[in-house]
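Biologist: Please take one part of this model and walk me through it slowly, then show me how that part fits with the rest.

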Amino acid sequence: MTRLSDTPSAWDERTQLTTFLDYARDTARAKCEGVSAENARRAPLPGSPLMTMSGVINHLRWVEYYWFQVVFLGEDDKGPWTEEDPDREMRIAVDFPLAQLLDEYAEQGARYRELVAGHDLDARAERTIRDGRHVDLRWILLHLVEETSRHNGHLDILRELVDGTTGA
(Lines give C-alpha, C1' and ligand atoms only; values in the text may rest on other atoms or scores of the structure.)
Protein backbone atom coordinates (compact mmCIF):
# COMPACT_ATOMS: atom_id res chain seq x y z
CA MET A 1 0.00 0.00 0.00
CA THR A 2 1.25 3.46 -0.85
CA ARG A 3 1.60 5.57 2.27
CA LEU A 4 2.18 9.29 2.31
CA SER A 5 4.90 8.73 4.89
CA ASP A 6 6.80 6.69 2.29
CA THR A 7 9.58 8.69 0.69
CA PRO A 8 8.89 8.95 -3.03
CA SER A 9 11.66 7.93 -5.41
CA ALA A 10 11.74 11.52 -6.69
CA TRP A 11 10.17 14.86 -5.80
CA ASP A 12 9.17 15.97 -9.26
CA GLU A 13 5.59 16.99 -9.95
CA ARG A 14 4.66 13.77 -11.76
CA THR A 15 5.90 11.59 -8.90
CA GLN A 16 4.05 13.67 -6.35
CA LEU A 17 0.78 13.59 -8.30
CA THR A 18 0.92 9.86 -9.01
CA THR A 19 1.98 9.06 -5.43
CA PHE A 20 -1.00 10.96 -4.06
CA LEU A 21 -3.37 9.26 -6.50
CA ASP A 22 -1.95 5.83 -5.67
CA TYR A 23 -2.29 6.62 -1.97
CA ALA A 24 -5.94 7.62 -2.42
CA ARG A 25 -6.64 4.48 -4.48
CA ASP A 26 -4.93 2.24 -1.93
CA THR A 27 -6.85 3.93 0.87
CA ALA A 28 -10.16 3.20 -0.88
CA ARG A 29 -9.22 -0.47 -1.16
CA ALA A 30 -8.05 -0.57 2.47
CA LYS A 31 -11.41 0.81 3.65
CA CYS A 32 -13.03 -2.29 2.13
CA GLU A 33 -10.73 -4.91 3.66
CA GLY A 34 -12.69 -7.50 5.59
CA VAL A 35 -16.15 -6.09 4.87
CA SER A 36 -18.72 -8.82 4.32
CA ALA A 37 -20.40 -9.28 0.96
CA GLU A 38 -23.72 -8.32 2.53
CA ASN A 39 -22.34 -5.17 4.14
CA ALA A 40 -20.57 -4.13 0.94
CA ARG A 41 -24.01 -3.98 -0.70
CA ARG A 42 -25.84 -2.25 2.18
CA ALA A 43 -27.03 1.33 1.70
CA PRO A 44 -27.30 2.61 5.30
CA LEU A 45 -28.06 6.24 4.48
CA PRO A 46 -31.82 6.67 4.07
CA GLY A 47 -31.52 9.51 1.55
CA SER A 48 -28.86 7.79 -0.56
CA PRO A 49 -30.07 4.36 -1.72
CA LEU A 50 -27.17 3.98 -4.15
CA MET A 51 -24.47 4.81 -1.60
CA THR A 52 -22.93 1.42 -0.89
CA MET A 53 -19.30 0.47 -0.46
CA SER A 54 -19.54 -1.55 -3.67
CA GLY A 55 -21.16 1.40 -5.40
CA VAL A 56 -18.44 3.82 -4.35
CA ILE A 57 -15.65 1.49 -5.53
CA ASN A 58 -17.38 0.92 -8.87
CA HIS A 59 -17.97 4.65 -9.21
CA LEU A 60 -14.25 5.35 -8.61
CA ARG A 61 -13.33 2.77 -11.24
CA TRP A 62 -15.64 4.27 -13.83
CA VAL A 63 -14.69 7.87 -12.97
CA GLU A 64 -11.06 7.06 -13.80
CA TYR A 65 -12.17 5.35 -17.00
CA TYR A 66 -14.14 8.43 -18.01
CA TRP A 67 -11.36 10.93 -17.33
CA PHE A 68 -8.49 8.93 -18.80
CA GLN A 69 -10.10 7.10 -21.71
CA VAL A 70 -13.03 9.28 -22.71
CA VAL A 71 -11.85 12.80 -21.90
CA PHE A 72 -8.05 12.50 -22.18
CA LEU A 73 -7.73 9.94 -24.97
CA GLY A 74 -10.99 10.85 -26.70
CA GLU A 75 -12.33 7.30 -26.89
CA ASP A 76 -16.03 6.51 -27.21
CA ASP A 77 -17.83 6.51 -23.89
CA LYS A 78 -18.70 2.90 -23.07
CA GLY A 79 -19.47 3.55 -19.42
CA PRO A 80 -22.47 1.92 -17.78
CA TRP A 81 -24.34 5.18 -17.24
CA THR A 82 -27.17 6.45 -19.42
CA GLU A 83 -29.08 9.72 -19.64
CA GLU A 84 -31.99 7.99 -17.89
CA ASP A 85 -29.72 6.46 -15.23
CA PRO A 86 -26.64 8.66 -14.79
CA ASP A 87 -25.58 6.82 -11.61
CA ARG A 88 -25.96 3.34 -13.04
CA GLU A 89 -22.37 2.38 -12.16
CA MET A 90 -23.37 2.70 -8.50
CA ARG A 91 -26.66 0.87 -8.97
CA ILE A 92 -25.21 -2.18 -10.75
CA ALA A 93 -22.26 -2.55 -8.37
CA VAL A 94 -24.33 -4.65 -5.98
CA ASP A 95 -24.59 -7.31 -8.72
CA PHE A 96 -20.85 -8.02 -8.51
CA PRO A 97 -18.67 -9.34 -5.70
CA LEU A 98 -16.73 -6.54 -4.02
CA ALA A 99 -13.50 -8.51 -4.52
CA GLN A 100 -14.07 -8.41 -8.29
CA LEU A 101 -14.73 -4.67 -8.23
CA LEU A 102 -11.58 -4.08 -6.17
CA ASP A 103 -9.49 -6.25 -8.50
CA GLU A 104 -10.80 -4.42 -11.57
CA TYR A 105 -10.09 -1.07 -9.90
CA ALA A 106 -6.51 -2.13 -9.05
CA GLU A 107 -5.84 -3.53 -12.54
CA GLN A 108 -7.19 -0.41 -14.15
CA GLY A 109 -5.06 1.77 -11.85
CA ALA A 110 -1.95 -0.07 -13.04
CA ARG A 111 -2.90 0.55 -16.70
CA TYR A 112 -3.51 4.23 -16.02
CA ARG A 113 -0.16 4.57 -14.24
CA GLU A 114 1.42 3.42 -17.52
CA LEU A 115 -0.73 5.82 -19.52
CA VAL A 116 0.30 8.73 -17.30
CA ALA A 117 3.97 7.73 -17.49
CA GLY A 118 3.78 7.89 -21.28
CA HIS A 119 2.38 11.42 -21.54
CA ASP A 120 3.56 14.87 -20.63
CA LEU A 121 1.60 16.53 -17.82
CA ASP A 122 0.93 19.44 -20.17
CA ALA A 123 -0.70 17.14 -22.75
CA ARG A 124 -4.21 18.37 -23.49
CA ALA A 125 -7.28 16.18 -23.35
CA GLU A 126 -8.87 15.24 -26.66
CA ARG A 127 -12.33 16.14 -25.39
CA THR A 128 -13.50 19.27 -23.67
CA ILE A 129 -15.00 19.52 -20.22
CA ARG A 130 -18.40 21.14 -19.63
CA ASP A 131 -17.16 24.69 -20.04
CA GLY A 132 -15.52 23.92 -23.40
CA ARG A 133 -11.91 23.86 -22.21
CA HIS A 134 -9.37 21.16 -22.96
CA VAL A 135 -7.82 20.36 -19.60
CA ASP A 136 -4.34 18.91 -19.36
CA LEU A 137 -3.23 15.61 -17.82
CA ARG A 138 -2.07 17.45 -14.70
CA TRP A 139 -5.60 18.78 -14.12
CA ILE A 140 -7.05 15.29 -14.58
CA LEU A 141 -4.64 13.81 -12.02
CA LEU A 142 -5.44 16.56 -9.52
CA HIS A 143 -9.14 16.06 -10.09
CA LEU A 144 -8.84 12.30 -9.52
CA VAL A 145 -6.89 12.83 -6.29
CA GLU A 146 -9.70 15.12 -5.10
CA GLU A 147 -12.49 12.82 -6.28
CA THR A 148 -10.98 9.68 -4.80
CA SER A 149 -10.12 11.36 -1.51
CA ARG A 150 -13.64 12.76 -1.17
CA HIS A 151 -15.12 9.33 -1.73
CA ASN A 152 -12.73 7.84 0.81
CA GLY A 153 -14.60 9.93 3.36
CA HIS A 154 -17.83 8.34 2.17
CA LEU A 155 -16.25 4.90 2.53
CA ASP A 156 -15.24 5.79 6.11
CA ILE A 157 -18.81 6.67 6.99
CA LEU A 158 -20.34 3.70 5.18
CA ARG A 159 -17.94 1.24 6.82
CA GLU A 160 -18.67 2.55 10.29
CA LEU A 161 -22.41 2.39 9.65
CA VAL A 162 -22.46 -1.12 8.16
CA ASP A 163 -20.19 -2.93 10.64
CA GLY A 164 -18.73 -0.45 13.13
CA THR A 165 -15.19 -0.55 11.72
CA THR A 166 -13.31 2.74 12.05
CA GLY A 167 -9.83 3.87 11.22
CA ALA A 168 -9.26 1.58 8.27
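Modeller: Let's start with a ruler: the expected span of a helix is 1.5 Å times one less than its number of residues. Helices here are DSSP runs of H or I with at least four residues, strands are E runs with at least two, and both are numbered from the N terminus. The part I've picked is α6, which covers residues 137-163. With 27 residues, α6 should span 39 Å, and the C-alpha atoms at its ends are 38 Å apart, so the two figures agree. Right after α6 comes Gly164, whose phi is positive, near 85°.

Some small print before we go on. This is a predicted model, with local features needing pLDDT of at least 70 and side-chain atom pairs counted only at pLDDT 80 or more, while totals for chains, interfaces and linings use all residues. Residues are numbered from 1 along each chain as its sequence is written, and side-chain values use heavy atoms, leaving out hydrogens and water.

Now step onto the helix at Glu147, which lies in α6. Its relative accessible area is 7%, so Glu147 is buried (buried means under 20%, exposed over 50% and partly exposed in between, with a 1.4 Å probe and protein chains only). The Glu147 side chain makes a polar contact with the side chain of Arg150, at 3.2 Å (a pair of N or O atoms within 3.5 Å, one able to donate a hydrogen and the other to accept it). That fits a general rule: an α-helix has 3.6 residues a turn, so residues three or four places apart point the same way. Leaving out residues up to four places away in sequence, Glu147 touches His59, Leu60 and Val63 (contact means heavy atoms within 4.5 Å).

Further along α6 sits His154. At 24% relative accessible area, His154 is partly exposed. In sequence, His154 and Val56 are 98 residues apart, yet their C-alpha atoms are 8.0 Å apart in space.

What does α6 share with other helices? It helps build the largest nonpolar core (buried Ala, Val, Leu, Ile, Met, Phe, Trp, Tyr and Cys residues joined through side-chain atoms within 4.5 Å). That core has 22 residues, and the members touching the most others are Trp67, Phe68, Leu137, Ile140, Leu141 and Leu144. At least two core residues come from each of α1 (13-31), α3 (53-72), α5 (98-117) and α6. The largest share, 8 residues, comes from α3. Separate from this core is another of 18 residues, including Met51, Ala93, Leu101 and Leu155.

Trp67 shows the meeting up close: beyond four places in sequence, it touches Phe72, Ile129, Trp139, Ile140, His143 and Leu144. Such grouping is a familiar tendency, as nonpolar side chains in soluble globular proteins tend to be buried together.

But α3 has a charged-looking name on its list too: Arg61 is found there. Arg61 counts as buried because its relative accessible area is 15%. Neighbours within four places aside, Arg61 is in contact with Glu104, Tyr105 and Gln108.

Finally, zoom out. The protein chain has 6 helices and 0 strands, so to speak an α-α-α-α-α-α run from the N terminus on. Its C-alpha atoms fill a box of roughly 45 × 45 × 25 Å along the principal axes. Of its 168 residues, 45% count as buried. And among contacts between residues at least 6 apart in sequence, 69% join residues at least 24 apart.
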